[in-house]
Amino acid sequence: MRIFYFDSDDKRRQLQTVYLENIIDEVEVEVASQMSGPLGALEKIERSAPFDLILVLAPAEGSVFELYQRAHLKHPRAPFVLMSDDSLSSFVGMDGFQVQHPKNDFVQLPITPMDFRETILKSLSPSYGLRVIPAFQKVRLIHFLRFSRALCNVYVKLSNNKYVKVINSGSIYDRADIEKYREKKVSHLFIRNDDFEHFQVTIHKTPFLTFQNETMSESDLQKCLGNSHAMLKEMILEIGFTAEVAAIAEKSVDEIIKLAYKKDDMCEMLKKMQTRLDYVYDHSFLTSIVCCEILQHMHWNTEDKIKKLVMAALLHDIKIENPQICKIDSSKDSRLQSFSDPEIKSFLAHPMETSLLLTGVDFISPEVVSIVLQHHETPEGDGFPNGLHHSKLSLLSCIFIVAHDFVQQNFEIDFDVDLQSKIFDNLSKRYSLGSFKSVIDAFSNLRSRGKDAVINKV
Ligand SMILES: [Fe+2]
Ligand SMILES: [Fe+2]
């Protein structure tokens with residue numbers, strides 16, 4: 001059973017998606033938050049496999065009719081259910097849509113959860129008539145990252161009638177506890193029906209991230225940043241850029257910049273990197289820190305440039321699923337051969353695909369898009385996706401590439417202090433040309449600054 005659900009209201013969509021996923025077993029809900037764009041409703045309706053129901057919650061606007069026409073053409077067997085605070089007569093072109101399919105329906109909002117459930121079941125009948133509400137309700141993993149303490153007992157489903165408790169009500173958990181289920185291909189955890197109402201009200205009121213940075217310890221702030229990155233990844237890949245995604249990304253950038261300038265704490269922060277597990281986030285975070293350091297030493301550290309580099313660092317590998325392939329920098333790296341063809345293909349495409357995803361997004365500047373596109377280019381001109389000569393790379397991209405290389409090499413040597421000077425020598429040789437020259441000069445300055453330099457803090 002596949003349901004397409006369009007709703008540009010972030011909170012309502014997240015909540016209703018939880019409802020939808022619990023109305024029927026084995027349902028797949030494809031969501032969209034915008035009409036146009038690569039992850040927009042029009043595109044998804046055009047390209048997706050057949051849907052069994054198309055649900056649109058929208059204010060009266062012209063594009064609803066366009067969406068309806070495309071849906072009717074592409075998925076003629078799927079009922080189209082339109083819900084809105086506005087009356088049906090205010091939707092241009094939608095007057096007769098209810099007679100074009102016996103299950104097409106218009107619902108005037110607001111609507112109670114029970115009526116919502118019945119409307120959906122009615123539109124899916126007879127295959128899905130009124131059903132008994134199950135004893136357990138499923139909730140996507142990502143919703144558990146909103147909290148660090150379990151609001152109720154949490155279960156894993158073993159079979160249709162068998163659930164096992166994995167988190168006790170009131171106990172503290174962290175992202176690693178949740179991520180281990182994702183690694184086992186578990187997409188949802190379960191809570192008892194009695195707890196569901198309270199849980200839904202609470203997730204509706206709880207934003208995905210609350211950085212209480214005044215009262216937070218640095219390690220809690222680090223955890224919070226890691227969680228925010230996981231959420232950004234999941235939300236961007238599924239629905240694109242919404243107001244909530246923008247708020248999480250901008251808040252994360254601000255917090256990383258503050259951390260980068262707390263110099264005493266940075267020492268500890270870098271040391272801890274050896275023992276952390278989430279490579280995609282860890283190397284993105286460290287690249288941000290090193291970019292800030294380089295900018296400072298180039299005396300070019302305007303707030304605007306720092307924010308662009310940190311934003312690019314957060315987002316540049318957001319499409320990479322496998323952290324192991326993320327450790328590879330070059331398309332000629334022999335380690336690539338240990339991955340499957342689709343993984344290699346997707347890896348070689350990620351700078352281009354991510355930059356396309358970011359293009360035209362309100363809060364992402366074109367310079368950020370360009371850094372993301374160019375982050376696997378090289379001073380030798382043999383990088384990917386475009387094999388650009390170094391003279392074609394922006395200075396911000398050059399800073400990013402050097403910082404990223406420094407961080408990757410450090411991971412390879414487990415931040416071994418004795419091997420640091422070798423990395424600096426390698427980088428100095430490799431990047432002493434074109435726009436890279438001023439970057440590497442600043443970096444050398446960093447190396448020779450004694451106790452203040454990154455190398456000595458590690
Ligand atoms: Fe990367
Ligand atoms: Fe990358």
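User: Contact here means heavy atoms within 4.5 Å. What share of the contacts in the protein with a separation of 6 or more comes from residues 24 or more positions apart?

Analyst: The model is a predicted one. Its protein has 19 helices and nine strands. Counting the contacts with a separation of 6 or more, the share from residues 24 or more positions apart is 69%.

User: Which helix gives the most to the largest nonpolar core?

Analyst: The largest nonpolar core has 96 residues, and F144, I294, I399 and F443 have the most contacts inside it. With 12 residues, the element that gives the most to this core is helix 11, residues 279-298.

User: Which residues does I399 touch, leaving out those up to four places away in sequence?

Analyst: I399 is one of the residues with the most contacts inside the largest nonpolar core. Leaving out residues up to four places away in sequence, I399 touches C291, I294, L295, M298, W300, L309 and V439.

User: What is the geometry of the site of the iron ion (ligand 2)?

Analyst: The iron ion (ligand 2) is coordinated by D317 (OD), H350 (NE2), H375 (NE2) and H376 (NE2), at 2.1 to 2.3 Å. Four donors count as tetrahedral if all angles lie between 85 and 135 degrees. The angles among the four donor atoms run from 87 to 176°, and the site is irregular.

User: Which residue bridges the iron ion (ligand 2) and the iron ion (ligand 1)?

Analyst: Among the donors of the iron ion (ligand 2), H375 and H376 are both buried. The iron ion (ligand 2) and the iron ion (ligand 1) lie 3.8 Å apart, and the residue that bridges them is D317.

Key:
Residues numbered from 1 in each chain as written. Chains lettered and ligands numbered in written order. Predicted model: local features only at pLDDT ≥ 70, side-chain atom pairs only at ≥ 80, totals over all residues. Heavy atoms only, no water. Core = buried A, V, L, I, M, F, W, Y, C linked by side-chain atoms within 4.5 Å. Buried < 20%, exposed > 50% of the residue type's maximum accessible area, 1.4 Å probe, protein only. Helix = DSSP H or I, 4+ residues; strand = E, 2+ residues; numbered from the N terminus. Donors = N, O, S within 2.8 Å, 3.2 Å for Na, K, Ca; no water. Tetrahedral: all angles 85-135°; square planar, octahedral: opposite > 155°, others 65-115°.
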